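Subject: Structure for your files, with notes

Hello,

Here is the structure I said I would pass on. My notes follow below it.

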Amino acid sequence: PLDNVINDPWVKLTALCPLDPLSCISLHLNVEHSVDQGRRHGFDNGRVLNSVSGTNDNAAFREVIFADSSFVNKRIESFLNFLGTGIEFIKKYIDLLALHNMNTFHWHLTEDQGWRIEIKKYPKLTEIGSYRKQTQIGHSDYYFPRRYDGKEKRGYYTQEEIKEIVKYASDRFITVIPEIEMPGHASAALASYPELSCGLGKTYVVRDYFDVFDEVYCPKEHTFEFLQNVLTEVMELFPSHYIHIGGDECPKKAWKKCAHCQHLMKWEGLPNEEALQSWFIHRIEQFVNSKGRDIIGWDEILEGGLAPNATVMSWRGEKGGIEAAHQRHKVIMTPGKKCYLDYYQESPEFAPLAIGGFLPLDTVYNYNPLPAELTPEEQAYIWLSLVCWLCQRCNGHSRNIRTSSRLPVGWIRSLNDWIIAE
């Protein structure tokens with residue numbers, strides 16, 4: 001139980017070890033936010049320590065200090081991505097984030113394989129875009145031709161459900177940041193509204209397997225009107241300061257063949273299609289900024305020139321994050337080989353199905369998100385993230401274990417040193 005609240009900024013919690021009533025943990029949580037948030041974090045810290053204190057040794061825990069250092073105050077600790085899963089499942093993972101004092105939930109709501117958010121102005125996005133006839137099983141690298149489950153998949157989150165999730169998270173001091181993909185990963189949207197594409201005589205479908213597809217938005221006025229209307233409804237549902245607009249894995253094949261795109265590049269003086277993508281992102285950022293918000297994008301948004309106020313999510317290693325920090329842009333470090341929790345942590349021959357790769361527990365635990373190439377001033381722009389692409393290919397057990405292992409990295413590691421409680 002919470003026994004008392006000491007004057008700001010310290011909150012004290014006393015908790016009993018479950019197997020030894022005489023063992024007492026005294027937790028002091030230094031918070032620079034609110035007393036209520038401090039109480040919550042203190043309570044959750046007690047739950048975590050109680051859960052691992054199965055010992056009769058009275059000296060197992062004496063006093064633990066959780067200092068809310070500047071490393072934590074300026075950084076987003078956690079991003080978890082979900083696609084097409086139920087509302088109760090989402091609440092379960094929000095509870096897991098809260099238990100580990102993580103303050104942000106990144107909710108990936110649109111993809112090639114399905115559009116998962118209700119947009120009232122564009123009902124076809126869920127009437128058509130939320131449905132696919134089947135889903136790929138396993139990895140195409142292992143099984144070719146591809147194998148499918150033969151089961152129809154349909155579903156999306158209503159706006160009322162999203163409001164419920166946002167409030168549920170807020171009550172646990174977690175901010176929900178939505179991601180609406182653009183200009184790539186747009187197969188589901190283009191299957192719903194083909195007029196948003198470059199045309200080229202192609203039939204667009206919601207994809208039933210995993211890949212990077214050529215289906216991208218065409219940068220014409222009708223497309224921007226659509227995206228702005230979508231983002232307006234999204235921002236009415238999500239009060240977060242940041243809106244994630246994707247920007248990753250955008251093939252340029254359609255743009256190279258599109259007469260409108262080539263004319264637009266000449267009109268705007270753009271040297272190549274990478275610059276066209278940058279122009280696209282700049283325009284979306286201007287709209288989001290006009291609503292008092294800022295954008296986050298994957299590190300591909302660096303190509304062709306970074307939008308002025310954009311935050312970069314560095315997933316293809318640390319190179320993009322380092323480049324953005326040199327430019328004094330905020331960075332979310334989430335390199336796949338360090339932070340993607342849906343990778344294997346043992347031989348695929350023995351492990352449950354995962355998305356691929358190899359990421360053992362000690363690698364996750366020991367990752368320092370502050371590159372040595374950056375000056376202390378540049379390191380101040382770095383935030384920390386972990387990512388889990390949750391799909392039917394991924395198993396939950398290792399994800400939970402490695403989520404727990406990120407706690408010392410995000411909350412206890414202070415710059416280049418470890419704070420160790422003994």
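Leaving aside neighbours within four places in sequence, which residues is Gln136 in contact with? Please keep in mind while reading that this is a predicted model. The residues in contact with Gln136, with those neighbours left aside, are Arg146, Arg147, Tyr148, Asp208, Tyr209 and Phe210. Gln136 itself belongs to strand S9, which covers residues 136-137. With a relative accessible area of 4%, under the 20% cut-off, Gln136 counts as buried. Its side chain reaches the backbone oxygen of Gly138, at 3.1 Å.

The chain as a whole

The protein chain has 422 residues, and 55% of them count as buried. There are 15 helices and 22 strands in the chain. Taking contacts between residues at least 6 apart in sequence, 68% join residues at least 24 apart.

Helices H3 and H5

Helix H3 spans residues 87-99 and helix H5 spans residues 159-170; the two pack at an angle of about 15 degrees, with their axes 10 Å apart. Because angles under 35 degrees count as roughly parallel, H3 is roughly parallel to H5. The crossing of the two helices, H3 and H5, is right-handed. On the H3 side, the residues in the contact are Ile87, Ile90, Lys91, Ile94 and Asp95, and these meet Glu161, Glu164, Ile165, Tyr168 and Ala169 of H5. Sorted by class, the contact of H3 with H5 holds six nonpolar and four charged residues, and no polar ones.

Helices H9 and H10

The second helix pair is H9 (residues 259-268) with H10 (residues 273-290), packed at an angle of about 80 degrees with axes 11 Å apart. An angle from 65 to 115 degrees counts as roughly perpendicular, so that is the description for H9 and H10. From H9, the residues Cys261, Gln262, Leu264, Met265 and Glu268 meet Glu273, Leu276 and Trp279 from H10. The contact of H9 with H10 divides by class into five nonpolar residues, one polar and two charged.

Glu273, one of the H10 residues in that contact, has some further entries. Glu273 is buried, at a relative accessible area of 11%. Its side chain is joined to the side chain of Gln262 by a polar contact of 3.1 Å. Not counting residues up to four places away in sequence, Glu273 touches Lys252, Trp255, Lys256, Gln262 and Met265. For Lys252, the separation from Glu273 is 21 residues in sequence and 6.4 Å in space, C-alpha to C-alpha.

Backbone geometry

Most residues other than glycine have a negative phi, and most peptide bonds are trans. Three places in the model are worth listing against that background.

- The peptide bond from Met182 to Pro183 is cis, with omega near -10 degrees. Pro183 is placed in the loop between strand S12 (175-182) and helix H6 (187-192).
- His185 has a positive phi, near 50 degrees, and is a residue other than glycine. His185 also lies in the loop between S12 and H6. Its relative accessibility is 7%, so His185 counts as buried.
- Phe173 has a positive phi too, near 60 degrees, and is likewise a residue other than glycine. Phe173 is found in the loop between H5 and S12. Its relative accessibility is 28%, so Phe173 counts as partly exposed.

Both Pro183 and His185 are therefore entries for the loop between S12 and H6, if you want to look at the cis bond and a positive phi in one view.

Thr334

The last item is a loop residue. Where is Thr334 placed? Thr334 sits in the loop between strand S16 (331-333) and helix H12 (336-339). Although in a loop, Thr334 is buried, with a relative accessible area of 0%. Thr334 and Trp298 are 36 residues apart in sequence, and their C-alpha atoms are 9.8 Å apart in space.

That is the end of my notes.

Regards

Terms used. Residues numbered from 1 in each chain as written. Predicted model: local features only at pLDDT ≥ 70, side-chain atom pairs only at ≥ 80, totals over all residues. Heavy atoms only, no water. Axes fitted to C-alpha atoms, helices over the stretch in contact; angles between N-to-C directions. Helix = DSSP H or I, 4+ residues; strand = E, 2+ residues; numbered from the N terminus. Parallel < 35°, antiparallel > 145°, perpendicular 65-115°, else oblique. Left-handed = near helix turned anticlockwise from the far one by under 90°. Contact = heavy atoms within 4.5 Å. Nonpolar A, V, L, I, M, F, W, Y, C, P; charged D, E, K, R; others polar. Buried < 20%, exposed > 50% of the residue type's maximum accessible area, 1.4 Å probe, protein only. Polar contact = N/O pair within 3.5 Å; in protein donor to acceptor, adjacent residues only side chain to side chain.
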